[in-house]
Amino acid sequence: MAKRSIVPFGPQHPVLPEPVHLDLVLEDETVVEAIPSIGFVHRGLEKLVEKRDFKQYVYIAERVCGICSCGHGIGYCESVEQMMNIEVPERAEYLRTIWMEMSRIHSHLLWLGLLADALGFESLFMESWRLREKVLDMFDATAGGRVILSVNCVGGVLKDMDSVMLSSILETVKTMESEVKPIINTFLSDVTVQSRMKGVGVLTREQAVELGAVGPMLRASGESYDARLLGYAAYGDLAIEPITAEEGDCYARCKVRLNELLQSFSLLRELIGKIPEGPIQGTVKGMPSGENFIRIEQPRGEAIYYVKGNGTKNLDRFRLRTPTTSNIPAMAEMLKGCQLADVPVLILTIDPCISCTER
């Protein structure tokens, strides 16, 4: 019988940018159990609804996570707007969706660079982050910020995009798409990438559903669920087909995210082609009262937002369930049976965001 040992993994690790700690139970070099431990960056952001009014809290929600900040702003605003029966102008919904899809591209390119770096694929790391800079430049030009955009507000958005900006986005999308396709083909056909990822960290469709996996992690196991199909913001006007794969391994999760990059380019073109004229802010009357619960699709998967008002300017409660929170149980299951050397890469394929998880 092989001797068992426990190896601590993280929270600081040369490959992982996120402070996640795992106790890995090993038999020789094989992981038989992974026990996650989080709680290193807890910031108490949900408690701040008691100190910031419901309009100010948008900026707190955006700072739950830098990469997902636009989505957190949209999720918070839409949950409050539904609770207060605020009608958001259609143009504002389109602008939110444009920024959201740009954020998805930004997030997936950042993740691809980190994964490439973990595999020792330094040229791909540089190329994916070079392309990511183009998205940050689009953020800068349209919102005035490169990561934290601060354009969402209860009732709409704070900034508009003129025709010159929209045309510039279309030109950038065209350039990025032509540059991304060869990178995707190179990455997915690389022998080293395939040897490190194919058949590693398999999560079956049944396991993914039972363990509550979300986002690309769920869709890579064959389940075609995408919260954008719920039709929030302007997604109800778009033709969205969830990107899926059947294999459920690390390679499938990469393939889903890379194909989502191309999908986001197409959605941006559709959004800019359909965006209506009109105001960008609706009328906000009264104070929040009651409660509401919504779901949106962040780059990493479904996020859930819950708000509860009491008739004053400060909310009683704001609660958020992030995609990584949902994906950690499935990650612990996937790690069983893998080799110790595969652990860092396997964790990266779920695209963890511990900052979001901790709040």
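# Two sheets and a cavity

Q: In this predicted model, how many bridges join strand 7 to strand 8?
A: Strand 7 covers residues 301-310, and strand 8 runs antiparallel to strand 7. One spot to look at is Tyr305, which stands opposite Leu320 in strand 8. The number of bridges joining these two strands is five.

Q: Which strands sit at the edges of the sheet that contains strand 7?
A: This open sheet has three strands in the order 6-7-8, with antiparallel pairing. An edge strand here pairs on one side only. That leaves strand 6 (289-298) and strand 8 (317-321).

Q: By what angle are neighbouring strands of the 6-7-8 sheet turned against each other on average?
A: Strands 6, 7 and 8 pair in the antiparallel sense, but direction is ignored for this angle. With that in mind, the average turn between neighbours is 10 degrees.

Q: What is the strand order in the sheet that has strand 1 and strand 3 at its edges?
A: Strand 1 (4-9) and strand 3 (30-37) each pair on one side only. Neighbouring strands of this sheet are turned by 20 degrees against each other on average, direction ignored. It's an open sheet of three strands with antiparallel pairing, and the order is 1-2-3.

Q: Which residue in strand 3 is the bridge partner of Glu27?
A: Start with strand 2, residues 21-27, which pairs with strand 3 in the antiparallel sense over seven bridges. Glu27 is the last number in that range for strand 2. Its bridge partner in strand 3 is Thr30.

Q: At about what angle does helix 10 run to strand 3?
A: Find helix 10 at residues 323-335 and you'll see that it lies across strand 2 and strand 3. Strand 3 is also an edge strand of its sheet. Helix 10 runs to strand 3 at about 160 degrees.

Q: What is the volume of the largest cavity?
A: The structure holds one cavity of 30 Å³ or more. Among the residues lining the largest cavity are Gly66, Ile67, Phe139 and Leu149. Its volume is about 30 Å³.

Q: Which elements give two or more residues to the lining of the largest cavity?
A: The lining includes Ser69, Cys70, Ser103 and His106. Check those numbers against the helix ranges 69-83 and 90-119. The elements are helix 2 and helix 3.

Q: How many charged residues are in the lining of the largest cavity?
A: Val147 is one of the lining residues, and so is Ser103. By class, the lining has five nonpolar and four polar residues. As for charged residues, the lining has none.

Note on methods:
Residues are numbered from 1 along each chain as its sequence is written. This is a predicted model: local features need pLDDT of at least 70, side-chain atom pairs count only at pLDDT 80 or more; totals for chains, interfaces and linings use all residues. Side-chain values use heavy atoms; hydrogens and water are left out. Two strands pair if DSSP finds at least two bridges between them. Helices (H or I, at least four residues) and strands (E, at least two) are DSSP runs, numbered from the N terminus. Axes are lines fitted to C-alpha atoms, for helices over the stretch in contact, and angles run from 0 to 180 degrees between N-to-C directions. Contact means heavy atoms within 4.5 Å. On a 1 Å grid over the protein atoms alone, a cavity is a set of points where a 1.4 Å probe fits but cannot get out, and a pocket is an open set with protein on both sides within 12 Å along at least five of seven lines; lining residues have an atom within 4 Å of a point. Grid points are joined across faces, edges and corners, and a volume is the space filled by probe spheres set on the points. Ala, Val, Leu, Ile, Met, Phe, Trp, Tyr, Cys and Pro count as nonpolar, Asp, Glu, Lys and Arg as charged, and the others, Gly among them, as polar.
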